[in-house]
Amino acid sequence: MEENINIIKNVCTAEREEIIIDFARWLEAASQEALVFGEGRFATMSASMAEAMRINADELARDKPEAVERVLQQAYTMMAQFKAAYPHRVISRSVH
């Protein structure tokens, strides 16, 4: 993930958009895991950020690379903080 942030200034617009979409997917996955752990506020915040990134991916990719880098860094920080609090991955989301 961090290597994607570091190369964001050196890639074309299409690749930049793809990286933004990948981060949105990672945030959505973290949101689902947060729901399993009972972290509703984090789940809502990360899902909202993922949706905003996905909707505005093309515009973000065309704008300044520094702005994109800042958005991706914020998303990465959110996911890193969640992973630090809950280091074990969710294997199954089934509810009985």
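Modeller: Before we look at any helix pair, one idea: an axis is a line fitted to C-alpha atoms, for helices over the stretch in contact, and the angle between two axes runs from 0 to 180 degrees between N-to-C directions. Keep in mind that what you have on screen is a predicted model.

Biologist: Okay. At what angle do α2 and α5 pack, and how far apart are their axes?

Modeller: Helix α2 and helix α5 (residues 65–85) pack at about 20°, and 10 Å separates their axes. Angles under 35 degrees count as roughly parallel, so α2 is roughly parallel to α5. As for handedness, α2 passes α5 in a left-handed crossing.

Biologist: Which residues of α2 and α5 make the contact?

Modeller: From α2 you have R16, I19, I20, F23, W26, L27, A30, E33 and A34, and from α5 come P65, V68, L72, A75, Y76, M78, M79, F82 and K83. Sorted by class, that contact has 15 nonpolar residues, three charged ones and no polar ones.

Biologist: Let me step back for a second. How many helices and strands does the protein have?

Modeller: Five helices and zero strands. Reading from the N terminus, the order is simply α-α-α-α-α.

Biologist: Then how do α2 and α3 pack?

Modeller: Helix α2 covers residues 13–36 and helix α3 covers residues 40–55; their angle is about 160°, with the axes 8 Å apart. An angle over 145 degrees counts as roughly antiparallel, so that is how α2 lies relative to α3. Here too the crossing, α2 past α3, is left-handed.

Biologist: And which residues of α2 and α3 meet?

Modeller: On the α2 side, look for I20, I21, F23, A24, R25, L27, E28, A30, S31, A34 and L35; on the α3 side, find F42, A43, S46, A47, M49, A50, M53 and R54. By class, this contact of α2 with α3 has 14 nonpolar, two polar and three charged residues.

Biologist: That leaves one more pair to try. At what angle do α3 and α5 pack?

Modeller: About 155°, with the axes of α3 and α5 12 Å apart. The cut-off for roughly antiparallel is again over 145 degrees, so α3 is roughly antiparallel to α5. The crossing of α3 past α5 is left-handed. In the contact, F42, M45, S46, M49 and M53 come from α3, while V71, L72, Q74, A75, M78 and F82 come from α5. Their classes are nine nonpolar, two polar and no charged residues.

Biologist: Now single residues. Is S31 buried or exposed?

Modeller: Buried means under 20% relative accessible area. S31 has 5%, so it is buried. You'll find S31 in helix α2, and, leaving aside its neighbours within four places in sequence, its contacts are A43, S46 and A47.

Biologist: What about A29 and A47? Which accessibility class does A29 fall into?

Modeller: Between 20% and 50% a residue is partly exposed. A29 sits at 32% relative accessibility, so it counts as partly exposed; A47, at 29%, counts as partly exposed too. A29 belongs to helix α2, and A47 to helix α3.

Biologist: How far apart are A47 and A29 in space?

Modeller: Their C-alpha atoms are 8.7 Å apart, though 18 residues separate A47 from A29 in sequence. You can also try A29 and S46: they are 17 residues apart along the chain, with 9.1 Å between C-alpha atoms.

Biologist: Last one, the protein as a whole. What share of its residues is buried?

Modeller: Of the 96 residues, 33% are buried. The exposed area is about 6,200 Å², and carbon and sulfur atoms supply 51% of it. As for contacts, take those between residues at least 6 apart in sequence: 71% of them join residues at least 24 apart.

Technical notes
Residues numbered from 1 in each chain as written. Predicted model: local features only at pLDDT ≥ 70, side-chain atom pairs only at ≥ 80, totals over all residues. Heavy atoms only, no water. Helix = DSSP H or I, 4+ residues; strand = E, 2+ residues; numbered from the N terminus. Parallel < 35°, antiparallel > 145°, perpendicular 65-115°, else oblique. Left-handed = near helix turned anticlockwise from the far one by under 90°. Contact = heavy atoms within 4.5 Å. Nonpolar A, V, L, I, M, F, W, Y, C, P; charged D, E, K, R; others polar. Buried < 20%, exposed > 50% of the residue type's maximum accessible area, 1.4 Å probe, protein only. Areas by Shrake-Rupley, 256 points an atom, 1.4 Å probe, with all protein chains shown as cover.
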